[in-house]
Amino acid sequence: MFIDERIVTLFKRNAHHTLTYWSVFFSFGLCIAFLGPTILDLQCQTNSTLSQITWVFFAQQFCLLIGSSIGGVFTRTLFRALAALFVSAILISVIFSIIPVCNNVLVLAIAMAVSGLAMGVIDTIANIQLVTIYQKDSAIFLQALHFFIGFGALVSPLIADPFLSETGCGNHTGNETEIMHHFRSMLRYSPIVEHNITQSHLPHNGGEKEEPIVQYAFWIMALINLPVPIAVLFLMYREQLLPCCPGSTPRLLDKDELAMETQQGAEGPDLEQKEHEAGGHGSIFSCCQNDNLRGLPASFFMIHILGGMVLFMTDGIVGAYAGFVYTYAVAPPMSLPNKTAGYLASIFWAAITAGRLLSIPLSYRFQPVRLLMFNLAGAIVTVLMLLIFYTSNAFLFVGTCLCGLFLSSIFPCMLAYTEDILDYQGCATSVLVTSAGMGEMVMQVLVGSIIQSEGSYSFLLCGMIIACIGFVLFIGLLLFHRMHRNYLTGTSKKSAMVEEPAAEQNGSAKTEQTENANAVAIS
């Protein structure tokens, strides 16, 4: 059989939890990709300028970063984790349904900020819960989890596309229409928006106006997303975590778990205190306040920092490439037609989705560190080839596909690798998720400003530099992994040396007691 029976058995045992976490990541992908293709309609709806509407994207991304940072707080208990996922998933459906009535850009930005907060909480909790359940076997399930982001990101624009307005708010000048269609095509199938763009106003007067129907797209997405919070609620009911529902007879496995909980409760509050002191998964802020961090080696902290910096770079490339590949393609020397160039971003996200699906069996066959090395090297070689063949239209499509494939599985592989290094006792998940979100936001702005000042050719040059920096940081991570492993080996040897004399002393004491007992018996 291709997959080990042990993995299959482990999945069957946790199938309900796993499928629920995968479904909430579909909500994440659904919500992150719909803004791009609907930008023109939302601008007309709010009667705003192009520079004003970009703050809507910034509000979503910034609050996504905040949600990722605080999401670990809700993973202390299963009830809190599932309750947070339920609230976040239902919020996404509510936001989808009220977007058509947001006629002010500030109200729309607030709605997007709330959705970003919900997405960040989903991102952190789902990753942490899967890592906690599967631990050393989590790589294959994390790959499947992140496949559902790409799947949701592909479904969302496909739903919106039939309802999009082609003429906008009225008759525009040729230049304004070209700018807006350029902007929409650049954002289509992309989860990140360009922040540094030329400010322009769209006139809303004159000419026959097209009746907007984009609200139906948002309502359809709200309905499609509605089964997700229902699935989370059903899982809470099945785990008997709903206080309003009477508890049914526990399953056999639940009885064992309840017996363990009773035994742990009998040990008193000391156990909870020990677990709190032990640290483990949580938000970044709770990790920083952990008292046990004082005795840890520098390698422990550097693994967190370097792992986060690698994802800062690689996820930054994903955001920048998806956001600016259209801009690069329509400019000289490529000079592709607008419609043809518009397919590049969709090809990129389709490749990421396919790459994550392909990485599911690969994660079972290969260690995460090998996949990381291969993917990072492949991304560098691909961007280098794009630089060499910068005039080839055909290779731009091939390179875009390869770039998506190589970048697709870096995040889940890095998450599984760092958690395995730290024996699932660190705060790697919260740090990595936050770093990745920050990289997507910062690199988008940085690359956009460089392209605006230096020209479109700097797009690939920036990608090459960022990829090389990420590879160097990964080499540093490997070195600190070796240092941390040596530290753990030395610590275990010292513990063994301390325990051995104690065992000998206990043995001699027992021998002495036996001899005394024999002497008393003889007398």
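This briefing walks through some aromatic pairs, a nonpolar surface patch and two helices. Keep in mind that the model is predicted. Searching the whole structure turns up 18 aromatic pairs, and one of them joins Phe11 to Phe141. On the outside, there's a nonpolar patch of about 460 Å², with helix 4 giving the largest share of its residues.

**Aromatic pairs**

- Phe11 and Phe141 are stacked, with ring centres 6.1 Å apart and 15° between the planes.
- Phe11 belongs to helix 1 (residues 5-13) and Phe141 to helix 7 (residues 138-160), so this pair ties together parts that sit 130 residues apart in sequence.
- The two partners differ in how covered they are: Phe11 is partly exposed at 24% relative accessible area, because the buried class stops at under 20%.
- Phe141, on the other hand, has a relative accessible area of 5% and is buried.
- Both rings also belong to a cluster linked by ring pairs, along with Trp22, Phe26, Tyr134, Phe147, Phe148 and Phe151.

**Helix 1 and its cover**

- Ile7, Val8 and Leu10 are the buried residues to look at in helix 1.
- They share a side of helix 1, because they cover an arc of only 160° around the axis.
- Turn to the face pointing away from that buried side and you'll find Lys12 and Arg13, which are exposed.
- As for what sits over the buried residues of helix 1, the cover includes helix 6 (105-134), helix 7 and helix 15 (338-365).
- Helix 7 is also where Phe141 lies, the ring partner of Phe11.

**The nonpolar surface patch**

- Five side chains make up the patch of about 460 Å²: Trp55, Phe58, Phe62, Ile66 and Leu117.
- Helix 4 (residues 50-70) supplies four residues of the patch, the largest share.
- Phe62 is found in helix 4, and its relative accessibility of 39% makes it partly exposed.
- That value qualifies Phe62 for a patch, because patch residues need over 30% relative accessible area.

**Gln60, also in helix 4**

- Is Gln60 buried or exposed? With a relative accessible area of 1%, Gln60 is buried, although it lies in helix 4, which also carries the partly exposed Phe62.
- Leaving out residues up to four places away in sequence, Gln60 touches Cys31, Leu35, Met112, Ala113, Ser115, Gly116 and Met119.

Methods:
Residues are numbered from 1 along each chain as its sequence is written. This is a predicted model: local features need pLDDT of at least 70, side-chain atom pairs count only at pLDDT 80 or more; totals for chains, interfaces and linings use all residues. Side-chain values use heavy atoms; hydrogens and water are left out. Rings of Phe, Tyr and Trp (its six-membered ring) pair if their centres lie within 6.5 Å; planes under 30 degrees apart count as stacked, over 60 as edge-to-face and the rest as tilted. Helices (H or I, at least four residues) and strands (E, at least two) are DSSP runs, numbered from the N terminus. Buried means under 20% relative accessible area, exposed over 50%, partly exposed in between (1.4 Å probe, protein chains only). Patches are made of residues with over 30% relative accessible area and no salt bridge: like charges are joined within 9 Å, nonpolar side chains (Val, Leu, Ile, Met, Phe, Trp, Tyr) within 5 Å. Accessible areas come from the Shrake-Rupley method with a 1.4 Å probe; for residues, only the protein chains shown count as cover. A salt bridge is a side-chain nitrogen of Lys or Arg within 4 Å of a carboxyl oxygen of Asp or Glu. Contact means heavy atoms within 4.5 Å. The arc is that of the directions from the helix axis to the C-beta atoms.
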